[in-house]
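Hi everyone, thanks for coming. I'd like to walk you through one structure today, so let me put it up on the screen.

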Amino acid sequence: MKLQGKKALVTGAGRGIGRGIAMEFAKNGADLVINDIHAGNLEQTCQEILDLGVQCISVVGNVAETDAVKEMVQTCIQEYGRIDILSHAAGILRSCAVVDQDEKDWDTVIAVNLRSTFLLCKYVGQYMVKQRYGKMVLIDSCASKTGEAFNAVYCASKAGVRLLANSLALELAPYGINVNSLAPGTINTEMIQTCLHDRAPLFGKTYEEYLQEFNEGTPLKRMGEPDEIGKLAVFLASEDASFITGTSVNISGGKECH
């Protein structure tokens with residue numbers, strides 16, 4: 001078990017990529033504090049983690065709100081005495097042409113995807129600096145590296161996450177803290193399914209046509225699965241990746257090659 005005895009905070013753990021990461025952390029021996037804004041989904045994940053024989057505490061809250069972030073960080077410190085690993089996977093998107101984008105939607109996506117990353121890295125980072133140890137595994141996206149029509153706010157927010165991770169890696173390296181991000185391609189999650197349904201008509205396609213186009217545009221000809229993201233997150237959170245920091249790792253079936 002690569003993370004035996006480690007204490008991890010994982011956001012967005014109720015479903016999708018966050019759930020995939022939380023489950024793989026648990027399978028590798030980590031005790032967890034998990035967060036999501038949806039209580040029902042979060043409790044289901046929590047119970048499945050407990051069934052694996054490790055500790056897990058759930059904290060419901062909006063990652064874009066300072067008090068909610070402070071609560072989940074304090075819960076981890078109070079229960080475990082430290083935070084060894086942060087994996088921030090909570091995120092949203094709003095598919096729309098920029099000229100039609102509602103300003104509130106723009107602000108919401110930036111808040112949930114980018115402001116939240118700043119908040120979590122700030123408050124978790126304060127403890128990791130004191131510990132002189134930590135692993136941060138953030139989630140950007142292939143969309144942080146290549147622009148996409150009708151997805152500008154998501155691209156912009158995830159580009160911000162990627163560069164925030166780069167900057168943090170430089171700031172925190174003297175304290176023994178590794179900061180990396182993952183750049184998923186199309187992963188089989190509820191968010192991606194909603195995205196495909198919303199964006200298909202913007203390109204004059206049916207959902208089925210758009211899905212086929214996405215899969216055909218991926219060299220491996222399929223979507224990825226959340227547990228595949230989780231396995232990569234385990235590697236980056238483990239000592240196997242002790243000399244890796246400031247890197248955005250593509251996990252996209254070959255769709256993005258930079």
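Before I start, one term: when I say two residues touch, I mean that they have heavy atoms within 4.5 Å. And please keep in mind that this is a predicted model.

Let's begin with Ile34, which sits in strand E2, residues 31-36. Leaving out residues up to four places away in sequence, Ile34 touches Val10, Ala13, Ala22, Leu42, Thr45, Cys46, Ile49, Cys56, Ile57, Ser58 and Val59. One of those partners, Cys56, is 22 residues away in sequence, with a C-alpha to C-alpha distance of 7.2 Å from Ile34. Is Ile34 buried or exposed? Its relative accessibility is 0%, and the cut-off for buried is under 20%, so Ile34 counts as buried.

Next, a pair of helices. Helix H3 covers residues 66-80 and packs against H4 at an angle of about 35°, with 10 Å between the two axes. The crossing of H3 past H4 is right-handed. If you'd like to select the residues at this contact, H3 brings Thr66, Val69, Lys70, Met72, Val73, Gln74 and Ile77, and H4 brings Arg115, Leu119, Leu120, Tyr123, Val124 and Tyr127. By class, the residues of this contact are 9 nonpolar, 2 polar and 2 charged.

Let me zoom in on Tyr127, which belongs to helix H4, residues 103-131. Which residues does Tyr127 contact, once its neighbours within four places in sequence are set aside? They are Val73, Gln74 and Ile77. With Gln74 there is a polar contact between the two side chains, at 2.7 Å. As for Ile77, it is 50 residues from Tyr127 along the chain, and their C-alpha atoms are 8.6 Å apart.

Just past that helix there is something for those of you who check backbone torsions. Arg132 lies in the loop between H4 and E5, and its phi is near 60°, a positive value in a residue that is not glycine. Arg132 has a relative accessible area of 51%, and since exposed means over 50%, it counts as exposed. A second case is Phe150, in the loop between E5 and helix H5. Phi of Phe150 is near 65°, again positive in a residue other than glycine. With a relative accessible area of 24%, Phe150 is partly exposed.

That loop leads us to H5, which runs over residues 152-172. Here's a little sanity check on its geometry. At 1.5 Å a residue, the 21 residues of H5 should span 30 Å, and the end C-alpha atoms are indeed 30 Å apart, so the two agree. The buried residues in H5 are Val153, Tyr154, Cys155, Ser157, Lys158, Val161, Arg162, Ala165, Leu168, Ala169 and Leu172. They pack against H4, E5, E6, helix H6 (190-199) and E7.

You may have spotted a lysine in that list. Lys158 counts as buried because its relative accessibility is 4%, under the 20% limit. Which residues does Lys158 touch, not counting those up to four places away in sequence? The answer is Asn113, Ile139, Asp140, Ser141 and Ser144. A polar atom of the Lys158 side chain lies 3.0 Å from the backbone oxygen of Ile139.

Another buried polar side chain to look at is Asn180, in strand E6. Asn180 counts as buried, at 1% relative accessibility. Its side chain reaches two backbone nitrogens: that of Gly246 at 3.2 Å, and that of Thr247 at 3.0 Å. Not counting residues up to four places away in sequence, Asn180 touches Met136, Val137, Leu138, Leu236, Ile244, Thr245, Gly246 and Thr247.

Leu236 takes us to the last stop, helix H8, where it is one of the buried residues. The others there are Pro226, Ile229, Gly230, Leu232, Ala233, Val234 and Ala237. What covers the buried residues of H8? The cover includes helix H1 (16-27) and strands E4 (85-88), E5 (134-139), E6 (177-184) and E7 (248-251). The length check works here too: the 12 residues of H8, 226-237, should span 16 Å at 1.5 Å a residue, and the end C-alpha atoms are 16 Å apart, which agrees.

That's my tour, and I'm happy to go back to any of these spots.

Notes. Residues numbered from 1 in each chain as written. Predicted model: local features only at pLDDT ≥ 70, side-chain atom pairs only at ≥ 80, totals over all residues. Heavy atoms only, no water. Helix = DSSP H or I, 4+ residues; strand = E, 2+ residues; numbered from the N terminus. Expected span 1.5 Å × (residues − 1). Buried < 20%, exposed > 50% of the residue type's maximum accessible area, 1.4 Å probe, protein only. Polar contact = N/O pair within 3.5 Å; in protein donor to acceptor, adjacent residues only side chain to side chain. Axes fitted to C-alpha atoms, helices over the stretch in contact; angles between N-to-C directions. Left-handed = near helix turned anticlockwise from the far one by under 90°. Nonpolar A, V, L, I, M, F, W, Y, C, P; charged D, E, K, R; others polar.
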